[in-house]
Amino acid sequence: MNSFISKVVDTIFSEYKKYDNLIFVLPSQRACLFLKEEILKKTTTSSFLPKIISIENYIQEIGNINLIDNTQLLFEFYSIYKQNIPKDKIESFDVFSQWATIAIHDFNEIDSYLVNSKEFFANLSDIKKLNEWFQDKKPTKLAVNYLQFFEYLQILYQALSKKLKDNKFGYQGLIYREAKNNLESYINKNKNNHIVFAGFNALNKAEEIIIQELLNNNIATVYWDANESIINPSNEAGVFLRKYKNEWSYYKKNPFLWVENEKQSNKNINIIGAPKNNTQIKYVGELISKLNDFNNTAFILADENLLTLTLNSLPNNVKNINITMGYPLKDIPIANLFEKLFKLHLNQHKFNKIEEQQFYYKDVLEILNDPFLNKIQESSLLQKISSQIKRENTIFLTVILLKKYVSPKEVAKLTLLFSLLNFSKEINKIIKQFSELIHSLKQYAVGVEKEYLYRFYTIFQQLETLNKTYNHITDLKTLALFYNQILQNEKLFFQGEPLQGLQLMGMLETRALDFETVIITSVNEGILPAGKNESSFIPFDAKKYFGLPTYQEKDSIFSYHFQRLLQRTKNIYLIYNTETDGYGSGEKSRFLTQLEVNNPTITKTIISPKVQHLEFPLIQIKKTAEVLEKLKEVFTKGISPSALATYIYNPIRFYEQKVLEIKEDNEVEEIIESNTMGSVIHGVLEAMYKPYLGKILTKDNIVEMQKKVSTLLHKYFEKLYSKGNIISGKNKLIFEVSKNYINRFLKQELALINQKKQLKIIALEENLSTKILIEGIDFPIIIKGFVDRIDELDGTTRIIDYKTGKVEARELKLSDFSVISEDYKYTKAMQVMLYSYLYISKISGPDIKLESGIISFKNLNSGFLRVNLSEEPRGKNYDITEEKIQNFMNEIENLICEILNPEIPFTENTALPFKIKK
């Protein structure tokens, strides 16, 4: 393959014998590197290399002005803003910065395209008046402020330009304008040199004028990279080249170099559709693993955000790789620690906890669990504090409280932690604290981590220097904003052999370069081309009138880069994401459709990831002698109905809870959990009914209870939801729902009494237990449980279990006791039946009429839901007789025998339908 750069070198070598007066100007630094390598390959004699420079650096040389850093430019701009805007109109730095970056971008374009600024801003202000405000009525204050903003833009533009030029600094556009102004002087100084421009396409107005002047003075040559297809009037890729060829006076007399007419045959073009970014990158990894030589292969990320995913997906056979895209600092793990610290202190402002000096518990836990902080502070102490926060369920924490969670000696070991919690009120001192944290981390850093830390250190040093110079950062929010802004732009650049191995690059870095094999990912609308996602204060029509670039020109630029890159390539793999976003955008790029029309032999493929069906081995745990001994201990101490329900749900869960005694980790309960709500309602009902134990309830008793509901709810929430907030947010709603449940329940109780029914409270939260002997088991089994309520309604004893969740009558239909151990859905009926057995075992005397069931607070309209033992599909039989209890207990004994049987292992339930409701 004869590349474009190779052709340029051959042509120049054939025309010039000496190279020391040549200046090569190319679109990018990478193109400069490839040109240098090509010259070295073709140089046979010893000589000095010609000067090789990128277009940005070349223009900077002509302009004789230095490029200013973007963040420093913003600080400088704010100084100008404060000097030129009335004091009552001045916004804070963080508000200013949100629109200032857009304004600077527009200033950059105005200067790059040499627009007359006075005429431009006057027109822009008039357009806003016509379009927005002055169509009929007198403008409002908002309208006047809006229009004043555009008038102020002109003042700010002129003041900023003057200040920067006086200090010999400039943003890119200003440098272009100055270069154009200095062009005559530059030409006079370089009449003996010859400038070679190669590989350009879309030039701004300043570049156009500069290059034309150099051509007309016969001290420059331009080599364009195009073919007949690109130059064709119907092809958007050739918009700029056609303009230069037809409009530049130089080309009226001189040839346009070059428009190639040779078509490369036998191109292997593959268009591959893949769902999601991950599949695209994984496919490329498989594709690259099959290649033998990467020295002329380019892997191009149209979406550069996929760099991290790409680096983690490259195959092992890629030994050499050159990556020109920097790795974003924001993606480096250490960035999370600084983000957590900013979040910790900013949320203190958000929750209005400055005066109380309290921190939100989630932010504190994130700091305590940070892996980098655990390196420099004793990890066990950090986890000790973390556990105590969860145990005490504290939502907002002070430093004083945190120190109480450890001993005074341990506090001394955590000085760094507590210093990070005590941020200074002075911004420069806060920056110092971050720098000191980096110094503390440095001694624990290994390998590339040291480079990470150094880059973050330079960020904070830059912030400190800028703030000392300008003093614009006055609060933590602004500091965080500029830290994040610098972080977004900063990248960690890779070192490697730039001319060997796989070339990993972005689309713009391909300018003037050619490869035999090209792989491009994310060839989708909105990415390639980028689409209409530009932020600007300049309307589309104004941009058109003044010759500023719009999305249309930018689409043409991407179209050129795409087509030019493919014109000499033999093997082409174009991969797009088949999954569009939720709004229907992001479909396959039109560039691919155009390619398909012109190349009918293209191979088109839709791929999808192979979904491997993994069969995990069934978990079975044998009952060893130690396990059986532990089970004996469990059953002799007492087994509850809920524990038996857990075994039915999943024997492995039962094994974990009862044999291994594994408990769930404590978590801070910011929003009241359903089990806490249930415990509170149980507690309130017990407290209300306790004075009436053994008594028949009256209307006055119920009315008296109704008066106590709110007070008792507060009492039990404070007891069971310690340090939690129940006066606002979701917790306030849960409190009101709990109150509503209890009040509705009491109304039902009152309705029963109004119906002349006699309701007598026999027991509340009764602790029942009994001992049973089972044939084949050589020790007694104790069954125990707490019954929420036992009462008597018109002579019928009722065993009642309160449930704050929803229970329906069908869940208490139990026509065949043998199904109890087979399905978890029967466990609610099993529980209340066991309570009935425990109660019958406790009392002695004549037979009683007995019913058992549930009161579901989410289904109060159904009243008392009784266990239905009818064998008929729609039958009703609520009587709990001794015979039925005995039949029921036979099945319970069978279940206990199964649990204690050494031959039957604990086996995982592979068809779990739902989680156990607490």
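These are my notebook entries on one predicted protein model.

**Entry 1: confidence**

I began by asking how far the predictor trusts its own model. The mean pLDDT of the protein chain is 89, and 96% of its residues reach 70 or more. I then looked up the weak spot at residues 914-918, where pLDDT stays under 50. For that stretch the model has ten contacts beyond four places in sequence.

**Entry 2: the whole chain**

I looked up the secondary structure next and found 35 helices and 26 strands in the protein chain. Is the chain more spread out than a compact globule, or not? Its radius of gyration is 39 Å, well over the 29 Å that the globule rule gives for 918 residues, so the chain is more spread out than a compact globule. I also noted the box filled by the C-alpha atoms, which is roughly 125 × 70 × 65 Å along the principal axes.

Buried residues account for 49% of the 918 residues. I looked at contacts between residues at least 6 apart in sequence, and 77% of these join residues at least 24 apart.

**Entry 3: the nonpolar cores**

In soluble globular proteins, nonpolar side chains tend to be buried together. With that in mind I went looking for cores. The largest nonpolar core here has 120 residues. Which residues have the most contacts inside it? They are Ile334, Ile389, Phe456 and Leu463.

I picked Phe456 for a closer look. Setting aside residues up to four places away in sequence, Phe456 touches Leu329, Ile332, Ile334, Ala335, Phe338, Ile438, Tyr483 and Leu487. A second core, separate from the largest one, has 59 residues, including Val627, Ala829, Tyr839 and Ile885.

**Entry 4: a glutamate indoors**

I looked up Glu464, which sits in helix α23 (residues 448-470). Is Glu464 buried or exposed? Its relative accessible area is 5%, and buried means under 20%, so Glu464 is buried. Beyond its neighbours within four places in sequence, Glu464 is in contact with Asn428, Ile431 and Lys432.

**Entry 5: two helices that meet**

Two packed helices are described by the angle between their axes and the distance between the axes. I tried this on helix α4 (residues 70-84) and helix α24 (residues 476-489). Their axes come within 10 Å and cross at roughly 145°. On the α4 side I found Thr71, Leu74 and Phe75, which meet Phe482, Gln485 and Ile486 in α24. The residues of this contact divide into four nonpolar, two polar and no charged.

**Entry 6: cis peptide bonds**

Where are cis peptide bonds found? One joins Leu257 and Trp258, with omega about -15°. Trp258 lies in the loop between α12 (239-247) and β8 (259-260). Another joins Leu528 and Pro529, with omega about 5°. I traced Pro529 to the loop between β17 (517-521) and α25 (540-546).

**Entry 7: positive phi**

I finished with two residues that have a positive phi without being glycine. Asn352 has a phi of about 55° and belongs to the loop between α15 (334-350) and β13 (358-360). Its relative accessibility is 60%, so Asn352 counts as exposed.

For Asp794, phi is near 50°. I found Asp794 in the loop between β22 (781-793) and β23 (796-803). With 44% relative accessibility, Asp794 counts as partly exposed.

Definitions and conventions:
Residues numbered from 1 in each chain as written. Predicted model: local features only at pLDDT ≥ 70, side-chain atom pairs only at ≥ 80, totals over all residues. Heavy atoms only, no water. Core = buried A, V, L, I, M, F, W, Y, C linked by side-chain atoms within 4.5 Å. Buried < 20%, exposed > 50% of the residue type's maximum accessible area, 1.4 Å probe, protein only. Contact = heavy atoms within 4.5 Å. Helix = DSSP H or I, 4+ residues; strand = E, 2+ residues; numbered from the N terminus. Axes fitted to C-alpha atoms, helices over the stretch in contact; angles between N-to-C directions. Nonpolar A, V, L, I, M, F, W, Y, C, P; charged D, E, K, R; others polar. pLDDT = per-residue confidence, 0-100. Rg over C-alpha atoms; globule rule 2.2 N^0.38 Å.
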